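Good morning, and thank you for making time for this short presentation. I ask you to keep the structure in view while I speak about charged side chains and one loop residue.

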Amino acid sequence: MTTLNVVITGSSGRIAYSLIPFICMGETFGPDVILNLRLLDIEQCQEKNEGVKMEILDSGYPLVQEVTTTIDPAVAFQDADVAILLGGFPRLKGMLRKDLIAKNVAIMLTQAKALDMYAKKDVKVIVVANPANTNCLIASQAAPSIPSKNFTCLLRLDHDRLLGMLVAELNSKGLGEHINPSKIRGVAVFGNHSNTQVPHINGGEVNVGGEWKPIMSIVDEDWAANILPGRLQNRGAEIIKHLQASSGQSAARAISRHLQDWLGPVTSPGHIFSMGVISDGNPYGIPDGLMFSFPCTRAVGSAPGDYSIMHEGFSTNPSHSAALQATVDELNEEKSAADNYLSSVQEEKA
């Protein structure tokens, strides 16, 4: 049986609390994978972190071999196979985005340097802490011994939200049967995990009565072009308004699915999933050097972590092109803010 050393940062937080059962029950990495869990959090959270460890042990998961809690990145990342970076500084009321980026760049640098020094060189990393795309880029740049393709960021939550919205809209059309997410294919979310993200459903299909039909032949064009994008882009804020907290269980489910699709065996040829990856050499003309969400797929028999960016079925029209440019511009602004912070830190040290 395979054994994985899995690091979870921010491990006492609400996303981790929902994610850990998926991992421990074998859904995320498979039912035959033995787990050594490394729970990394800040010193102020260590008592709570110990409580999380107790609950894992009390649950008696057969796949869990070892659970370590720590505040030391060197301990957490030693020989890590997978790193799930949840820990970050939350955006406070009235906080400017550039200040949020500065706070999180410092956190990502510490974690990335530990990854570079202590983790296995084929470690696979998913960044969830916001701003996820830019945090992921900073982490990959600060860990030069680890291939940039081994760093990804979470856009699967947005992908799943898109599927949920499509399910609701399609079921309102009286199709004679219940549509669920497994009956939808060929849709994706491009760009940044922010309110500039770009849903793409034009080539999507839905299975009705055993026949694949174009989604755009069923939903209203005005809804697809003018209502769906804004609803998706603002879903996170809508959830915060109702819960007084950001997404927890849906984010955890999305992380688990992201890791399944990226690292698990390919069971559904042609399956497409949205994932934030390095943009270098992409087929859409997005500038190199960004962490950007694309529709991704994996070939049957491909090694864990291998993926390709899907182009077929995702042609862009002028409105898509303008929206893609807006999310590129935002990511470049975030990258500049991060670079400015790093430059100021280096000047202070000098």
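Lys183 is partly exposed, because its relative accessibility is 22% and buried requires under 20%. In this predicted model, Lys183 forms a salt bridge with Glu177, with 2.7 Å from N to O. Glu177 is likewise partly exposed, at 27% relative accessibility.

As a general point, side chains of opposite charge can pair when their charged atoms come close. The count of salt bridges here comes to 11.

Which residues are linked in a network of salt bridges? They are Arg156, Asp160, Arg257 and Asp261. Let me take Asp160 as the starting point. Its closest N and O atoms in the salt bridge with Arg156 are 2.9 Å apart. Both Asp160 and Arg156 belong to helix α6, residues 156–171, and 4 residues, about one turn of the helix, separate them. Asp160 has 16% relative accessibility and therefore counts as buried; Arg156, at 8%, also counts as buried.

Asp160 also forms a salt bridge with Arg257, where the closest N and O atoms are 3.1 Å apart. This pair links distant parts of the chain, since Arg257 lies in helix α9, residues 249–263, and Asp160 in helix α6, 97 residues apart. Arg257 is partly exposed, with a relative accessible area of 26%.

I turn finally to the loop residue. Ser12 sits in the loop between β1 (2–9) and α1 (14–24). Is Ser12 buried or exposed? Ser12 counts as buried, because its relative accessibility is 5%. Leaving aside residues up to four places away in sequence, Ser12 touches Asp41, Cys45, Lys48, Asn49 and Val52.

Methods
Residues numbered from 1 in each chain as written. Predicted model: local features only at pLDDT ≥ 70, side-chain atom pairs only at ≥ 80, totals over all residues. Heavy atoms only, no water. Helix = DSSP H or I, 4+ residues; strand = E, 2+ residues; numbered from the N terminus. Buried < 20%, exposed > 50% of the residue type's maximum accessible area, 1.4 Å probe, protein only. Contact = heavy atoms within 4.5 Å. Salt bridge = Lys/Arg side-chain N within 4 Å of Asp/Glu carboxyl O.
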